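This report goes through one protein model, beginning with a single residue and moving outward to the domains and the ligand.

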Amino acid sequence: MNEIHSAGYRAHTNIALIKYWGKRNKELFLPVTSSLSLTLDAFYTDTHVEFDTSLTGDVFYLGGELQNEANTAKVSRFLDLFRETAGKPNLYAKVTSVNHVPTAAGLASSASAFAALAGACNLALDLQLDAQTLSTYARQGSGSASRSLLGGFVEWHKGEGDESASSYAEAFDDADWDLAMVFVIINRNAKKIDSRLGMEHTNQTSPFYALWPQEVEKDLAMIKPAIKAHDLDTVGQIAEHNAMKMHAMTIAAKPSFTYWEPASIEAMTIVRELREQGIPAYITMDAGPNVKVLCRASQAETIKAAFAPRFGADQVVIAKPGPAAHPLEK
Ligand code: 2P0
């Protein structure tokens, strides 16, 4: 008789206000700096995992499609962490994963994907890893996945030396205030330089990288009390400045590169115009051309409308703070 251990988990995506951009240990996904993010309700991944003693290898379905060897190998390496912990190195699994994003968004995220898979594996194998330990596992799928296990504002501590257990994410604030993030979807195509490559190239060649760790430390020290005080203007100013510093580093890399597209700059101009009208709205951008706008939830529709003359309705999506990752009903 074959033995089956199964579970389902949902994890939401997160956007960093203080960015993770660079690793000190590539094998363990240990970051150069701590980072701080907001988990969002609008985009998430649902993952089911079924460990089955009758399987002779792992099988991975994404969005209903059987994945190729390379994609399956990434998942297998991640499953190994859990199999080893369970003392069952030869217990293979079928993984079924679906990314829930608005049709036009193209925002499939490794953060929600590896967080959901980590939660599902922990539950299926009854490992009972606590949230802190589980985030150190999720981190080894994709750094930002460590933060997607938790809801609201989340801090990922960089940790010490090569100690994997010391680099974990922790809930910082429940974000239960008048807060939203408006996504302006510029381009749904896969990015040319993914974040893993982009951060490594920046770290190795940008002369400004030397300043980055101390800038992040200052930004973190300033943004934390502002979050606790629900001070959107201060939070937004620090987050925008942090994102601009990250993107400035990529422009100064050798050879130079940028994730910005002409439409990104148009979207940023609209955000600055909103601010001139007295509407608090602050920019952040990641390893792609989309622009995200931190604002009050009560003003999100007004902000969405400001993009309407230039961007289609399906290109602008309002997200609210999202919950921690959680099990799915069977
Ligand atoms: C972040 N980004 O803090 C940073 C800021 C984008 C820009 O998603 O190599 O996919 O898998 O650890 O977590 C970081 O990229 O990179 C990231 P890996 P990850 O959200």
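## A buried phenylalanine

In this predicted model, Phe-51 counts as buried because 25 other C-beta atoms lie within 10 Å, where 20 or more are required for that label. Phe-51 belongs to strand S4, which covers residues 35-52.

Apart from neighbours within four places in sequence, the contacts of Phe-51 are Ile-4, His-5, Leu-91, Ala-93, Ala-124 and Leu-125. Val-75 stands 24 residues from Phe-51 along the chain, and the C-alpha atoms of these two residues are 13 Å apart.

## Two domains and their contact

The protein divides into domain 1, residues 4-176, and domain 2, residues 180-319, and the centres of the two domains, taken over C-alpha atoms, are separated by 24 Å. Across the contact between them, 23 residues of domain 1 meet 27 residues of domain 2.

On the domain 1 side of this contact, the elements that supply two or more residues are strand S1 (4-18), S4 and strand S9 (169-173). Of these, S4, the strand that holds Phe-51, gives the most, with six residues. By class, the residues on this side of domain 1 comprise 15 nonpolar, four polar and four charged.

## An open sheet and its helices

Four strands form an open sheet in the order S11-S12-S10-S13, paired in antiparallel fashion. Strands S11 (281-285) and S13 (316-319) are at the edges and have a single partner strand each, so one side of each is left without a neighbour in the sheet. On average, and with direction ignored, neighbouring strands of this sheet are turned by 25° against each other.

Strand S10, residues 180-184, runs antiparallel to S13 and is joined to S13 by four bridges; in one bridge pairing between these strands, Met-181 has Ala-319 of S13 as its partner. Two helices can be described against this sheet. Helix H6 (residues 232-251) lies across S11 and strand S12 (291-295), running at about 30° to S11, whereas helix H7 (residues 262-276) packs on the sheet with contacts to S10, S11 and S12, its direction making about 160° with that of S11.

## The ligand shell

Where does the ligand lie with respect to domain 1 and domain 2? Both domains give residues to the shell around the ligand, so the ligand lies between them.

The ligand has 14 residues around it, and those that come nearest are Ala-16, Tyr-20, Ser-142, Gly-143 and Ser-144. In terms of class, this shell contains five nonpolar, six polar and three charged residues.

Definitions and conventions
Residues are numbered from 1 along each chain as its sequence is written. This is a predicted model: local features need pLDDT of at least 70, side-chain atom pairs count only at pLDDT 80 or more; totals for chains, interfaces and linings use all residues. A residue is near a molecule or strand if its C-beta atom, placed from the backbone, lies within 6 Å of it. Ala, Val, Leu, Ile, Met, Phe, Trp, Tyr, Cys and Pro count as nonpolar, Asp, Glu, Lys and Arg as charged, and the others, Gly among them, as polar. Domain bounds come from an automatic or database domain assignment. Two strands pair if DSSP finds at least two bridges between them. Axes are lines fitted to C-alpha atoms, for helices over the stretch in contact, and angles run from 0 to 180 degrees between N-to-C directions. Two residues are in contact if their C-beta atoms, placed from the backbone, lie within 7 Å. A residue is buried if 20 or more other C-beta atoms lie within 10 Å of its own, exposed if 12 or fewer, and partly exposed in between; C-beta atoms are placed from the backbone.
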